[in-house]
Amino acid sequence: MQFQQLQYFVAVAETRHFTRAADLVHVAQPSLSQQIKALERELGADLFLRARGNITLTDAGEALLPLARRILADADTARHEVQELAQLRRGRVRLGATPSVCTGLLPDVLRAFHDRYPGIRLLIEEGGSHDLVRELARGALDLALVVLPLPTPSPALTTVELLREDLVVVSSPDAQRPGAGRRTVRVADLEGERLVMFRHGYDLRELTVAACRAEGFEPDFAVEGGEMDAVLGFVRAGLGVAVVPRMVAARAGRGLRVTPLARPGLHRTIALAHRSDVAPPRAARELQRMLLER
């Protein structure tokens with residue numbers, strides 16, 4: 001089995017077309033077809049069902065595809081690792097983070113990293129913890145900042161706790177202070193409030209809804225479905241209140257009233273995760289060190 005054959009196989013699997021796959025990998029279509037046939041002979045199984053105008057994966061092809069993608073991703077990571085110069089003057093880091101972490105924690109750390117290593121490209125992917133874990137597992141990310149506990153615990157990942165952050169309630173200064181004007185509010189006080197709620201798959205949505213249900217009520221949504229910036233904007237406009245990380249509220253600037261949650265309050269734990277079976281590239285390890293020492 002040759003590395004090039006796996007490249008050709010993945011290209012056909014993703015395009016479902018031999019000619020388009022050949023164009024994608026910059027090879028003549030007959031050569032690509034010959035390599036795919038050679039791979040099938042090597043494995044002793046057909047990988048594609050070929051019909052006029054319709055290419056589909058066989059069961060063997062479906063089984064090979066995630067493994068081939070991981071091999072190619074690992075090879076790409078190795079290539080970038082070798083190409084990095086001794087003084088980290090060149091390279092890249094692929095970092096995943098939840099949107100609220102991108103807003104609250106990352107800006108200062110990434111600025112310090114960029115000042116120290118201006119030649120390192122920073123590729124940031126925002127997503128929920130579930131999506132980021134999946135991207136880590138298939139080799140598309142070097143590191144990810146995720147919320148613990150993970151939605152699906154994975155023995156293939158190593159996680160290191162980074163911080164435990166309080167959640168607060170934000171509201172418009174023009175609206176009545178939540179919780180009948182008290183300086184702190186309880187989760188139970190949110191029963192009488194209309195909430196601006198994040199989209200499905202957002203860790204903060206799941207945490208807030210679970211906390212409300214633990215107090216015996218279903219939250220009332222004024223608006224739902226937004227990302228962090230949209231949620232903060234809707235709160236500023238007076239559409240409702242939202243539960244957000246304290247760090248995000250502190251960076252959000254004017255136009256928001258911040259009310260702490262009374263003890264025991266709500267918290268979330270942010271962890272730094274990477275694959276256990278592959279060491280992150282050197283530049284990623286340096287960013288990891290700066291995040292842990294921040």
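Which residue follows α9, and what is the sign of its phi? Keep that in mind while you load the model, which is a predicted one.

**Stop 1: helix α9.** Select residues 228-236, the span of α9, and colour Met228, Val231, Leu232 and Val235, which are buried. Now look down the helix axis: those buried residues fall within an arc of 95 degrees, so they line one face of α9. The spacing fits a general rule: an α-helix has 3.6 residues a turn, so residues three or four places apart point the same way. Step past the end of the helix for the answer to the opening question: Gly238 follows α9, and its phi is positive, near 85 degrees.

**Stop 2: residues 1-58.** UniProt, in an unreviewed entry, puts the feature "domain: HTH lysR-type" here, at residues 1-58. Helix makes up 62% of the span and strand 14%, and the C-alpha atoms at its two ends are 18 Å apart.

While you're here, pick out two residues for their backbone angles. Most residues other than glycine have a negative phi, and most peptide bonds are trans. Arg16, in the loop between α1 (3-15) and α2 (18-25), has a positive phi of about 55 degrees. Next comes His26, in the loop between α2 and α3 (29-43), with a positive phi of about 60 degrees. Are their side chains out in the open? Arg16 has 36% relative accessibility and so counts as partly exposed, while His26, at 73%, counts as exposed.

**Stop 3: two cis bonds.** Select Leu148 and Pro149, which are joined by a cis peptide bond with omega at about -5 degrees. Pro149 sits in the loop between β5 (143-148) and β6 (157-171). Then jump to Arg263 and Pro264: the bond between them is cis too, with omega near 5 degrees. Look for Pro264 in the loop between β10 (257-260) and β11.

**Stop 4: the cavities.** Searching the whole structure turns up three cavities of 30 Å³ or more. The largest holds about 100 Å³ of space. It has 13 lining residues, and Thr77, Leu141, Asp142, Arg275 and Val278 are the closest to its centre. Show α4 (59-83) and β11 (267-275) as well, since each gives two or more residues to this lining. By class, the lining has six nonpolar, three polar and four charged residues.

Finish at the second largest cavity, with about 60 Å³ of space. Its lining includes Thr98, Tyr202, Asp203 and Arg268, and α5 (99-104) and α8 (203-214) each supply two or more residues. Here the split is three nonpolar, five polar and three charged.

Key
Residues numbered from 1 in each chain as written. Predicted model: local features only at pLDDT ≥ 70, side-chain atom pairs only at ≥ 80, totals over all residues. Heavy atoms only, no water. 1 Å grid on protein atoms, 1.4 Å probe; cavity = no way out; pocket = protein on both sides within 12 Å on 5 of 7 lines; lining within 4 Å. Points joined across faces, edges and corners; volume = space filled by probe spheres on them. Helix = DSSP H or I, 4+ residues; strand = E, 2+ residues; numbered from the N terminus. Nonpolar A, V, L, I, M, F, W, Y, C, P; charged D, E, K, R; others polar. UniProt positions renumbered as here; feature names shortened; annotations may be inferred. Buried < 20%, exposed > 50% of the residue type's maximum accessible area, 1.4 Å probe, protein only. Arc of directions from axis to C-beta.
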